[in-house]
Amino acid sequence: MAPVCVLVGAPGAGKTSTGLLVAKGLGVDFRDTDSDIEATAGKSIPEIFIDEGEAYFRTLERAAVAAALASFDGVLALGGGAVMAEESRAALAGHRVIHLSVELSDAVRRVGLGSGRPLLAINPRATLKHLLDLRRPVYDEVATWTVVTDGRTPEQVADEILAGLAGDAG
Ligand SMILES: Nc1ncnc2c1ncn2[C@@H]1O[C@H](COP(=O)(O)OP(=O)(O)OP(=O)(O)O)[C@@H](O)[C@H]1O
Ligand SMILES: O=C(O)C1=C[C@@H](O)[C@@H](O)[C@H](O)C1
Ligand SMILES: [Mg+2]
């Protein structure tokens, strides 16, 4: 069992909003490792960062990624930082991984002041720039397909993905 596709990308790339639309279009389930982690911990991501810290969150995240890749056959979205773990990059090998790419200006507009995103709680523009510089090559390394999201709605991005998946299947 393997996900139909795995969405990776920066905060604000639209992994959750686009992923839900792709799953709906395919008639399959959608799963988001961020939600899995919140269910396991019994609290929100900001609360995990406050109570236990980022390192503990990343431990839960590596386990959530491994479990979802092994047991889920719908559309899977990973948290924005999940690909920074070597173990998770290795686990992604052989899967259809879609990088939803976003440039700084659109990402900043979409996440605003970063509510619900503890890493972006302070100075979201500078932090996002740093994260994008660091992570863009890693998203591209794990991805089998990159879809540009700048200046496009989640519906337009989802339609491109659905067309690509239909082409792959045919
Ligand atoms: N293509 C898009 N165009 C405009 N707004 C978008 C687009 N994709 C997502 N958004 C908006 O940007 C915000 C962030 O999107 P979303 O939560 O789907 O991103 P994400 O990649 O899941 O982020 P995170 O890594 O923080 O979970 C939401 O308010 C969403 O409605
Ligand atoms: O970019 C990140 O490192 C994060 C993104 C979110 O999806 C959450 O996984 C969490 O807020 C950390
Ligand atoms: Mg999300």
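In helix 4 of this predicted model, the buried residues are Phe57, Glu61, Ala64, Val65, Ala68 and Leu69. Viewed down the axis of helix 4, these buried residues stay within an arc of 120°, so they line one face of the helix. That fits a simple rule of thumb: an α-helix has 3.6 residues a turn, so residues three or four places apart point the same way. On the face turned away from the buried side of helix 4 sit the exposed residues Ala55, Ala70 and Ser71. As for length, helix 4 runs over residues 54–71, which makes 18 residues, and it covers 25 Å from its first C-alpha to its last, close to the 26 Å expected at 1.5 Å a residue. The packing partners of its buried residues are a mixed bag: strand 2 (30–32) and strand 3 (75–77), plus helix 2 (33–41), helix 3 (45–51) and helix 5 (86–92).

Stepping back to the whole chain, the protein has 8 helices and 5 strands. Read along the sequence, these elements come in the pattern β-α-β-α-α-α-β-α-β-α-α-β-α. The C-alpha trace spans about 45 × 35 × 25 Å along its principal axes. For 170 residues, a compact globule would have a radius of gyration near 15 Å, and the protein, at 15 Å, agrees with that. Buried residues make up 38% of the 170 residues. Among contacts with a separation of 6 or more, 75% are between residues 24 or more positions apart.

Helix 6 (104–111) repeats the theme of a buried side and an exposed one. Its buried residues are Ala107, Val108 and Val111. They cover an arc of only 95° around the axis, which puts them on the same side of helix 6. Facing away from that buried side are the exposed residues Ser105 and Arg109. Helix 7 (124–142) is included in what covers the buried residues of helix 6. Right after helix 6 comes Gly112, with a positive phi of about 55°.

Now for the ligand. Of the 20 residues around ligand 1, Gly14, Thr16, Ser17, Gly80 and Arg110 come nearest. Helix 1, helix 6 and helix 8 (154–169) are the elements that give two or more residues to this shell. Helix 1 supplies the largest share, with 4 residues. For its part, the unreviewed UniProt entry places the feature "binding site" at Gly12, Ala13, Gly14, Lys15, Thr16, Ser17, Arg117 and Arg152. Gly14, Thr16 and Ser17 therefore turn up both in that annotation and among the residues that come nearest to ligand 1.

Two neighbours in that annotated stretch are worth a look side by side. Lys15 lies in helix 1, and Thr16 lies there too, in a helix that covers residues 15–26. Lys15 has 27 C-beta neighbours inside 10 Å and so counts as buried, because the threshold for burial is 20 or more. Thr16, by contrast, has 15 C-beta neighbours inside 10 Å, and so counts as partly exposed. Leaving aside neighbours within four places in sequence, Lys15 is in contact with Leu7, Gly9, Ala77 and Leu100. Under that exclusion, Thr16 is in contact with Asp32 and Ala77. Ala77 thus appears in the contacts of Lys15 as well as in those of Thr16. Strand 3 (75–77), one of the elements packed against the buried residues of helix 4, takes in this Ala77 position.

Finally, Glu155 lies in helix 8. With 11 C-beta neighbours inside 10 Å, Glu155 counts as exposed. Its C-alpha atom is separated by 7.0 Å from that of Leu21, although the two are 134 residues apart along the chain.

Key
Residues are numbered from 1 along each chain as its sequence is written. Chains are lettered from A and ligands numbered from 1 in the order in which they are written. This is a predicted model: local features need pLDDT of at least 70, side-chain atom pairs count only at pLDDT 80 or more; totals for chains, interfaces and linings use all residues. A residue is buried if 20 or more other C-beta atoms lie within 10 Å of its own, exposed if 12 or fewer, and partly exposed in between; C-beta atoms are placed from the backbone. Two residues are in contact if their C-beta atoms, placed from the backbone, lie within 7 Å. The expected span of a helix is 1.5 Å times one less than its number of residues. The arc is that of the directions from the helix axis to the C-beta atoms. The radius of gyration is taken over C-alpha atoms; the globule rule is 2.2 Å times the number of residues to the power 0.38. A residue is near a molecule or strand if its C-beta atom, placed from the backbone, lies within 6 Å of it. UniProt positions are given in the numbering used here, feature names are shortened, and annotations may be inferred rather than shown by experiment.
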